[in-house]
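Q: Please take one small part of this model and look at it closely. Then explain how the surroundings of that part are built, step by step.

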Amino acid sequence: MPDTQPPGTDNNLNRASNPSPNKGQQQPKIQEYFGEPMKEIDIRELFNVLNRRKYGIIFFLIISVALAWLFHKAEEPAYYAESIMLIDNPFGNNPVDAALGTTGESDAKAVKKDVELLTSMPITQLAVRELLKTTKRDSLEFFGKRQYRSSFDDLITLVSPFSDKRSAQTMNLNGPEYPDDFIRINAMKLSVRIKVDPVRETSLIKVSVASPFQDEAVYLTNTLCNAYKNADINRKSEKYKQSSTFIAEMLHNQQKFVAQTDSTLSRYMESNKMYENSGNVGQLLSKVTEIESKVNELKTESRITQNSLDFLQSKLTEADRILSTRIAKTVNAKLSAILEDIKNQQKQYVQLIAEKGVDDADTRNKKQQLDAAQSRYENLSRSQIAGEINYTGRTKKYSFDLIAEKLETERKLNLLSNSAIEYEKLKQGYEARVNLLPKKQQDYAKLQRDRDVAGKTYTFLKEKLDESRILLGSEVGNVSIIGSAFRPFFPANSSPLKSMLIGLLIGGVMASIYTLISEFLDDSIKDEISLKNQGFTVLSQIPYVTNTPDGSKATLGNYIKETDQLSTDQRNTVPLITDRLSSWYAESFRTLRTAISYCSIDNPIRSLIISGVSIAEGKSSVCTNLGMALALNGRRVIIIDCDLRLASQHNIFKIKREVGLTDYLYSDLKTIDDSFIKSTHVANLSVITAGKKIPNPNEFLSSQKMQDLILYLETKFDLVLIDSPPLFLSDAAQLAQTVDGILIAARLNHTPRKPLKDLADDHLIFSNIIGVALIGSLKNSYGYGKYGHHKYGYGNRGNYYGQN
């Protein structure tokens, strides 16, 4: 068959096509494989790795996505029914915060406390108790009375009749009392399902409770919100309840005192025949009564306020009391100037009342100024209290409200005390004027004053009691439900796309780990591109033959063992191109023969090493069949078996190992004679076998006599082929500098990449390499199947010579 230039044997083959005529000199290095485009080579190598491991990568991706889909089908959905709650912050919304632009910040800090409290055990226990009070408890999945079954569960039940059939809990929930452990366990269970999200820079929070059933999610969310709202109302109402009780008791005592003073005055009037005061005495008595009534009202309100303060104090822990005392000192220190101004204005107002009366214009103006100063003090005090409490950040929502309310009550009590002191001074002035009256008239005026003051105090207490009861009845707390939960449409945790994407991501990670481990454990070359990226040129792709005509196994390179280790039947299992010249196998060696001839046109190669970088690559078979292909083309070829450790050429050609190379090198002959050169069954092809086994092949192959032998044979033959040991041995390194070129035999899925890379980095040897004969199960890159098999019909597909 005529030689043709196959694909791949382009000008790149000429990188070693001009060997130096002087043996042992380094040939020029080709810069195109070691220059700038190394980054591009690395990117190509990355794609090559992905291409090599594509089936494993696809496997992991498919498995991960499939498992993600199964998990999605088996996962219990979590429907969150969302409710909107408004949290009123009475200590954060004031003109000072509005002016400073900190209203939203104060609201956010207060709402944060509600977020924590909604998931706390006290509130969840209240919600569980509310759930247990209704008849709907017997149909709630929360209590195990209803079971969710996914489509995956139904599939398992259908496929396997022995699958586990879960049943709902059968605990009796009809009892009037429930164990505390049962309440706590379900409260913890509910707490896990609660999700609370504050709306940024507002007093709104979104509350939702998860359930695998949409209607139950709505019911659980609304029950929790109502429980929290009622708990807030009850906490707020508790103060008004005790305040009403305290005022009612004071009213009852005041009623007795009114009756007592009225009886005393009546007896005095009967005994002294005095029934009224007239003139200036009557006017004086009216003013004294008015002032003393005001004093009693201030003192009564102070007692009520003090009672509320004592109640709040009892609700605080010792740490909260210490914190409130410290905050009070800080706030009072900052507002001391304003408080002093209020005291002065209060004093001036009382003096104007004494001098000009309540209805005078100056008195009214001073009253307006006093009210403005007190309002300013109140706003600043509330702002400072809220700021100090938020700054600490250590109190819970309940303590937050109590401490703030306690400090507000102390502020109110302080103002009442100041007012009472000033009115007490005014009262003493009027009493001094009353004491100037005659004894009988003075006693009558005091008794009448006591009765009128007691009556007005009674009326004031009655108003306070009514006011307290109104507050108790109208208390709605600081929590408002502005949007009840509605039926959710989609579960929050069950998105098919999300599950698939997560599965794809996990599959990608697993595929990456698989690729890294595979590349680490299997460093063998997988394709032609791996060699090209390292700077090698593939001269021919040789099919990997697995079956011989007689059914025995054969692989290129299996003749690396010693002759003694092979049986007679095994010694001819290496495929030879002469067995069937029309096979793909034979065509691949003709391609190799043509590629080698193109490597050096001006200076033909006269000697060539066939070697590799590891054992069992098939270099000996390549050497033999290449020699046959050259000989069949009319060239005189001789093969020298220099693999003295694992010689195989004598087995391939069925000739004796002795007399051979070692015998000649050990002899005293200066020139080799025909007794060492053995003919073969192929015309123009001779072979020098390895000869006797020797312990030091390195010294023999590096000897001057060996170099002289190669030079001599180059004059007698057209081409000298040297079956060399692998290049990682010093034997081959010694021969590499003696010949015109080196042909590397590499086997797919066997030859490691790292030794090849190391070989490419060794410029001394790499410059003499003409290319690679790649062995492996390849597709018909050069059309071997059609040309050598299908067209001419040699044998059945898959036989010894035609298997792909």
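A: Ala616 counts as buried, because its relative accessibility is 16% and buried means under 20% relative accessible area, while exposed means over 50% and partly exposed lies in between (1.4 Å probe, protein chains only). The model is predicted, so local features need pLDDT of at least 70 and side-chain atom pairs count only at pLDDT 80 or more, whereas totals for chains, interfaces and linings use all residues. Residues are numbered from 1 along each chain as its sequence is written, and side-chain values use heavy atoms, with hydrogens and water left out.

The backbone of Ala616 deserves a look too. Ala616 is not a glycine, yet its phi is positive, at about 60 degrees. Most residues other than glycine have a negative phi, and most peptide bonds are trans. Ala616 sits in the loop that runs between strand S6 (607–611) and helix H18 (619–632). Helices (H or I, at least four residues) and strands (E, at least two) are DSSP runs, numbered from the N terminus.

Strand S6 leads from the loop into a sheet. The sheet is open, has eight strands with mixed pairing, and follows the order S5-S12-S11-S6-S10-S7-S9-S8. In that order, S6 stands between S11 and S10. Two strands pair if DSSP finds at least two bridges between them. At the edges are strand S5 (538–543) and strand S8 (678–679), each of which pairs on one side only. S5 is joined by five bridges to strand S12 (residues 769–776), and these two run parallel. Within that pair, Val538 is opposite Val772 of S12.

A second loop, between helix H19 (649–652) and helix H20 (661–666), also has backbone details to report. Val659 is in this loop, and the peptide bond that leads to Val659 from Glu658 is cis, with omega near 0 degrees. Lys654 lies in the loop between H19 and H20 as well. The phi of Lys654 is positive, near 55 degrees, although Lys654 is a residue other than glycine. Ala616 is buried at 16% relative accessibility, but Lys654 is exposed, with a relative accessible area of 60%.

Strand S3 (residues 204–211) gives another view of burial. Six of its eight residues are buried, so S3 is largely enclosed by the rest of the structure. S3 is joined by eight bridges to strand S1 (residues 79–87), in antiparallel fashion, and Tyr79 has Ser211 of S3 as its bridge partner. S3 is also antiparallel to strand S2 (residues 194–198), with five bridges between them. S2 and S3 form a hairpin with five residues between the strands, and there Glu201 has a positive phi near 60 degrees.

Ser208 shows what enclosure looks like for a single residue of S3. Ser208 belongs to strand S3, is buried with a relative accessible area of 3%, and stands opposite Lys195. Leaving out residues up to four places away in sequence, Ser208 touches Tyr80, Ala81, Glu82, Arg193, Ile194, Lys195 and Thr221. Here a contact means heavy atoms within 4.5 Å.

A helix can be read in a similar way. Helix H11 (residues 336–356) has 21 residues and should span 30 Å at 1.5 Å a residue, which agrees with the 30 Å between its end C-alpha atoms. The expected span is 1.5 Å times one less than the number of residues. Among the buried residues of H11 are Ile338, Leu339, Ile342, Tyr349 and Ile353. Seen down the axis of H11, its buried residues fall within an arc of 155 degrees, so they line one face of the helix; the arc is that of the directions from the helix axis to the C-beta atoms. Ala337 and Glu355, on the other side of H11, are exposed. Just after H11 comes Gly357, with a positive phi of about 95 degrees.

Finally, the whole chain. The protein chain has 26 helices and twelve strands, and 48% of its 804 residues count as buried. Of the contacts between residues at least 6 apart in sequence, 82% join residues at least 24 apart. The part examined at the start, Ala616, is one of the buried residues, in the loop between S6 and H18.
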